[in-house]
Amino acid sequence: MNRAVFPAIALACGTAAEAQTVACDGFETYAIGQVESGANGSAGAGLDDGNGWAGPYNVSNAIKSLVRIEDRTASQVNYSQGEIRIDGGNRALRFYDVANGSFAVRRPLGTIFHAAAAETLWFSVLFRTNAASPLANQDFIQIGFDDNPNPASGNPRVSIGANTTSAAFPAPFKFFCRSTTAVSASAFAEDAPIAAAATYFLVASVRPNDAGAYDTVCLFVNPTSQDAPGPPSATVTLDSGLASLSHIFIRTSGLDNGDAYVLDEWRVARDYASVVLSLQHALRILPASLPGGFPTLRWPAALPGAVLETSADLAPASWAEIPGPFPIIGGEREHPITPDPGNPRGFFRLRR
């Protein structure tokens with residue numbers, strides 16, 4: 001059996017492991033219904049859960065009834081290829097019918113990425129296509145980042161998405177990556193055209209240049225390795241003018257009655273391993289929140305097949321599984337650590 005193991009974290013070290021995941025949402029904690037409350041054309045309150053966000057979802061008021069959390073119990077949005085398995089669970093985000101907006105959905109990140117600090121942003125999402133053929137019209141779905149909640153026309157300046165490759169029909173429907181808001185700055189994936197009623201796993205990186213601006217967007221369609229994404233499916237390099245990334249956007253156009261696109265399990269992180277739910281960087285220690293309290297272990301609840309183990313001395317035969325169940329807090333499993341006075345050191349790891 002293939003056993004992947006995360007290097008041990010020692011309780012005695014006294015510092016938290018660096019958290020590479022910045023924000024995530026699997027939509028599992030939400031009730032079925034609108035992402036933002038209220039009737040179309042009115043203000044409302046957006047859903048506000050997941051982990052690592054600075055505020056709730058904001059849906060364009062004109063289409064609030066068409067952007068919803070849906071029940072996927074009977075048809076989960078899952079991805080499994082090679083070493084990667086992403087389970088979408090029983091809830092997902094769905095765009096119905098003419099859910100067109102620029103912006104359609106936006107949300108602030110709890111952590112801002114800075115180009116001057118050479119911080120690369122990694123992003124992943126499960127993308128489920130329309131059950132009807134998406135080639136019938138020029139559907140456009142864009143997911144991207146910008147440095148403020150109100151970029152021009154709601155158009156994020158670094159992004160990935162799906163669109164037809166030409167204004168002439170019929171035209172292939174493919175994934176793209178883009179830097180700046182210029183349509184001509186799109187690079188389309190060379191993979192086969194997007195299929196109807198199919199689930200894709202999209203991974204992207206946004207890298208800065210030496211001048212302190214984000215300029216390179218790489219898209220990886222359906223990666224299979226937990227260690228490295230391999231060659232990108234598409235790459236574009238063009239100065240976006242962005243020195244920081246603080247908000248995520250979804251922008252839609254060309255959707256018609258009967259269209260339905262589903263997004264699930266999205267993650268924003270500092271490295272590739274975190275967005276593909278590798279064991280690398282998955283386990284972290286949170287220091288005690290109160291004087292005299294105890295530290296807490298956390299790891300992504302969506303991490304498939306992960307087992308928490310402990311050891312007193314790192315000897316190969318000394319590892320023992322810690323039985324659950326473990327409570328889920330903000331999309332992560334949690335295990336409080338109570339130190340043993342007779343053994344001042346403890347090591348912990350994830351295995352599958």
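This is a short walk through the sheets, cores and open spaces of one predicted model.

Let's start with the bigger picture of the strands. Seven of them come together in one sheet. Here, 7 strands form an open sheet, in the order β4-β9-β18-β11-β12-β13-β14. The pairing is antiparallel. Which strands sit at the edges of this sheet? They are β4, residues 58–59, and β14, residues 186–188. Each of these two pairs on one side only.

Now walk across the sheet. Begin with β9, residues 101–114, and β18, residues 244–253. They run antiparallel, and 7 bridges join them. If you want a spot to find on screen, take Arg106: its bridge partner in β18 is Phe249.

Next comes β11. It pairs with β18, again in the antiparallel sense, over 7 bridges. Look for Asp146 here. Its bridge partner in β18 is His247.

On to the next neighbour. Strand β11 covers residues 140–146, and 5 bridges join it to β12. These two strands run antiparallel as well. Two pairs help you line them up. Gln142 has Gly161 in β12 as its bridge partner. Gly144 has Ser159 in β12.

One more step. β12 pairs with β13, residues 173–179, over 7 bridges in the antiparallel sense. Asn163 stands opposite Lys174 in β13.

Let's stay with β11 and β12. Is β12 buried or exposed? Strand β12 spans residues 158–164, and 7 of its 7 residues are buried, so β12 is largely enclosed by the rest of the structure. Buried here means under 20% relative accessible area.

Keep one rule in mind. In a regular strand the side chains alternate between the two faces of the sheet. Now check β12. Val158, Ile160, Ala162 and Thr164 point one way. Ser159, Gly161 and Asn163 point the other way. All of them are buried.

β11 is also mostly covered, with 7 of its 7 residues buried. On one side are Phe140, Gln142, Gly144 and Asp146. On the other are Ile141, Ile143 and Phe145. Both faces of β11 are covered.

Just before β11 there is a loop. Ala132 is found in it, between β10, residues 121–128, and β11. Ala132 is partly exposed, with a relative accessible area of 41%. Now find Ala196. It lies 64 residues from Ala132 along the chain, yet their C-alpha atoms are separated by 6.2 Å.

Now the cores. The largest nonpolar core has 56 residues. Which residues have the most contacts inside it? Phe95, Phe123 and Phe175 do. Take Phe175 and leave aside its neighbours within four places in sequence. Its contacts then include Phe127, Gly161, Ala162, Tyr200 and Val221. Two of those names should be familiar: Gly161 and Ala162 are the β12 residues that point opposite ways. There is also a second, separate core of 30 residues. Among its members are Trp122, Leu297, Leu303 and Phe326.

Next, the empty spaces. How many cavities of 30 Å³ or more does the structure hold? It holds 3. The second largest has about 50 Å³ of space. Its lining includes Phe123, Ile143, Val158, Ala204 and Val217. The elements that give two or more residues to this lining are β11, β12 and β15, residues 199–208. By class, the lining has 8 nonpolar residues, 2 polar and no charged ones.

The largest pocket has another mix. Its volume is about 370 Å³. It is lined by 24 residues, and Glu28, Glu265, Ala301, Ala302 and Gly331 lie nearest its centre. β2, residues 21–25, and β19, residues 260–269, each give two or more residues to the lining. β19 gives the most, with 3. The lining divides into 8 nonpolar, 8 polar and 8 charged residues.

Last stop: another sheet. This open sheet has 4 strands in the order β20-β21-β25-β24, with antiparallel pairing. Why is one side of β20 and of β24 left without a neighbour? β20, residues 284–286, and β24, residues 328–329, stand at the edges with a single partner strand each, so one side of each has no neighbour in the sheet. For β20, that partner is β21, residues 296–300, joined to it by 3 bridges. Look for Arg284, whose bridge partner in β21 is Arg298.

Notes: Residues are numbered from 1 along each chain as its sequence is written. This is a predicted model: local features need pLDDT of at least 70, side-chain atom pairs count only at pLDDT 80 or more; totals for chains, interfaces and linings use all residues. Side-chain values use heavy atoms; hydrogens and water are left out. Two strands pair if DSSP finds at least two bridges between them. Buried means under 20% relative accessible area, exposed over 50%, partly exposed in between (1.4 Å probe, protein chains only). On a 1 Å grid over the protein atoms alone, a cavity is a set of points where a 1.4 Å probe fits but cannot get out, and a pocket is an open set with protein on both sides within 12 Å along at least five of seven lines; lining residues have an atom within 4 Å of a point. Grid points are joined across faces, edges and corners, and a volume is the space filled by probe spheres set on the points. Ala, Val, Leu, Ile, Met, Phe, Trp, Tyr, Cys and Pro count as nonpolar, Asp, Glu, Lys and Arg as charged, and the others, Gly among them, as polar. A nonpolar core is a set of buried Ala, Val, Leu, Ile, Met, Phe, Trp, Tyr and Cys residues joined through side-chain atoms within 4.5 Å. Contact means heavy atoms within 4.5 Å.
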